Structure formats: C-alpha cells, structure tokens
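Subject: Handover of a structure

Hello,

Here is the structure for you to take over. My notes on it follow below.

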Amino acid sequence: MPIGSKRIDFYGYVTVKVVAGKGRWIPEHVLIVEQSLGRKLSRGQVVHHINGDRADNRLENLFLCRDRAHHNEVHRSEAMAMRALLEHGLIVFSGGRYEALLPR
C-alpha cells in the first residue's frame, strides 16, 4: 500500500502508512495532534477521543493528555458524569443499551 493509505486497526483506530515497503503505520489521531502542535508528542502523552469514537479524528474531538495517569483521570470523570446522568434520569439503560433522554 502506498504512503498515506489508511486502515482501521484491531482496536478501531484509523492508522496511516508513513513508511514505504512493509512500512510503519501510525494512528491518525496522533498525526493530527502532532501536526496541530507542530511537534512530535512527548514521551507518555496520550491523545483522547472526546466522544469515544476512535475513528472520529477531527481536531475538536481530540484532547491531549499529559500522561497515562491523566488519561485515566479523563476516563474516571467520564464514568462519574455517566453515573450522574443515570441518577438524574437523563440516560436510561434499557434492553441492553444506554439511551439519552434529552428534552426536545
């Protein structure tokens, strides 16, 4: 495949081929954040998909965490927000899935 080709990896992330031949594939979300920063990510930095969709690599959906611990904090806050929404009836679990009950 030529450089610039894209594929979805086993984990659902879009990856981009960056080296010819057998080549190397890099997660697209990492490339997008690096381009925005104008530098490579620092060791340990993690890019988080705000809406949880690993294929949604719009810059506004990407958040740069300083390290793995920070990324874990982001996920804990997401879980806490989900619990609060469940407690207030804004999200329900029914038939094996979550549904938002938002006013129209």
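A pocket, as the word is used here, is an open set of points on a 1 Å grid, with protein on both sides within 12 Å along at least five of seven lines. The model is a predicted one. Its largest pocket holds about 220 Å³ of space.

Pocket

The lining of the largest pocket consists of Tyr13, His29, Val46, Val47, His48, His49, Gly52, Arg54, Arg68, His71, His75 and Glu78. Two elements give two or more residues to that lining: strand S4, residues 46-49, and helix H2, residues 68-87. By class, the lining has three nonpolar residues, six polar ones and three charged ones.

One distance can be added for His29, which is in the lining. Its C-alpha atom and that of aspartate 9 are separated by 13 Å, with the two positions 20 residues apart along the chain. Aspartate 9 itself sits in the loop between S1 and strand S2 (14-17). Aspartate 9 counts as partly exposed because its relative accessibility is 26%, and the partly exposed class lies between the buried limit of 20% and the exposed limit of 50%.

Salt bridges

How many salt bridges does a search of the whole structure find? The search gives five.

Lysine 6 and glutamate 28 form one of them, with 2.5 Å between the closest N and O atoms. This pair links distant parts of the chain, as lysine 6 belongs to strand S1 (residues 6-8) and glutamate 28 to helix H1 (residues 28-37), 22 residues apart. Are the two partners buried or exposed? Lysine 6 has a relative accessibility of 51% and therefore counts as exposed. Glutamate 28, with a relative accessible area of 13%, is buried.

Lysine 40 makes a salt bridge with glutamate 34, and here the closest N and O atoms are 3.8 Å apart. Lysine 40 is classed as exposed because its relative accessibility is 57%, whereas glutamate 34 is at 12% and so counts as buried.

Arginine 66 and glutamate 73 also meet through their side chains in a salt bridge, at 3.8 Å from N to O. Glutamate 73 has 37% relative accessibility, so the residue is counted as partly exposed.

Asp56, Arg58 and Glu60 are linked in a network of salt bridges.

Surface patch

Leu85, Leu90 and Leu102 make a nonpolar surface patch of about 250 Å². Leucine 85 lies in helix H2, the helix that also gives residues to the pocket lining. Why can leucine 85 be part of a patch? Its relative accessible area is 32%, which makes leucine 85 partly exposed, and patches are made of residues with over 30% relative accessible area and no salt bridge.

Other positions

Alanine 84 is in helix H2 as well. With a relative accessibility of 31%, alanine 84 counts as partly exposed. From alanine 84 to lysine 6 the C-alpha distance is 38 Å, and the two are 78 residues apart in sequence.

Leucine 41 has its place in the loop between H1 and S4. Leucine 41 is buried because its relative accessible area is 18%, and the limit for buried is under 20%. The C-alpha atoms of leucine 41 and leucine 64 are separated by 9.1 Å, and the two residues are 23 apart along the chain.

That is the end of my notes.

Regards

Key
Residues are numbered from 1 along each chain as its sequence is written. This is a predicted model: local features need pLDDT of at least 70, side-chain atom pairs count only at pLDDT 80 or more; totals for chains, interfaces and linings use all residues. Side-chain values use heavy atoms; hydrogens and water are left out. On a 1 Å grid over the protein atoms alone, a cavity is a set of points where a 1.4 Å probe fits but cannot get out, and a pocket is an open set with protein on both sides within 12 Å along at least five of seven lines; lining residues have an atom within 4 Å of a point. Grid points are joined across faces, edges and corners, and a volume is the space filled by probe spheres set on the points. Helices (H or I, at least four residues) and strands (E, at least two) are DSSP runs, numbered from the N terminus. Ala, Val, Leu, Ile, Met, Phe, Trp, Tyr, Cys and Pro count as nonpolar, Asp, Glu, Lys and Arg as charged, and the others, Gly among them, as polar. Patches are made of residues with over 30% relative accessible area and no salt bridge: like charges are joined within 9 Å, nonpolar side chains (Val, Leu, Ile, Met, Phe, Trp, Tyr) within 5 Å. Accessible areas come from the Shrake-Rupley method with a 1.4 Å probe; for residues, only the protein chains shown count as cover. A salt bridge is a side-chain nitrogen of Lys or Arg within 4 Å of a carboxyl oxygen of Asp or Glu. Buried means under 20% relative accessible area, exposed over 50%, partly exposed in between (1.4 Å probe, protein chains only).
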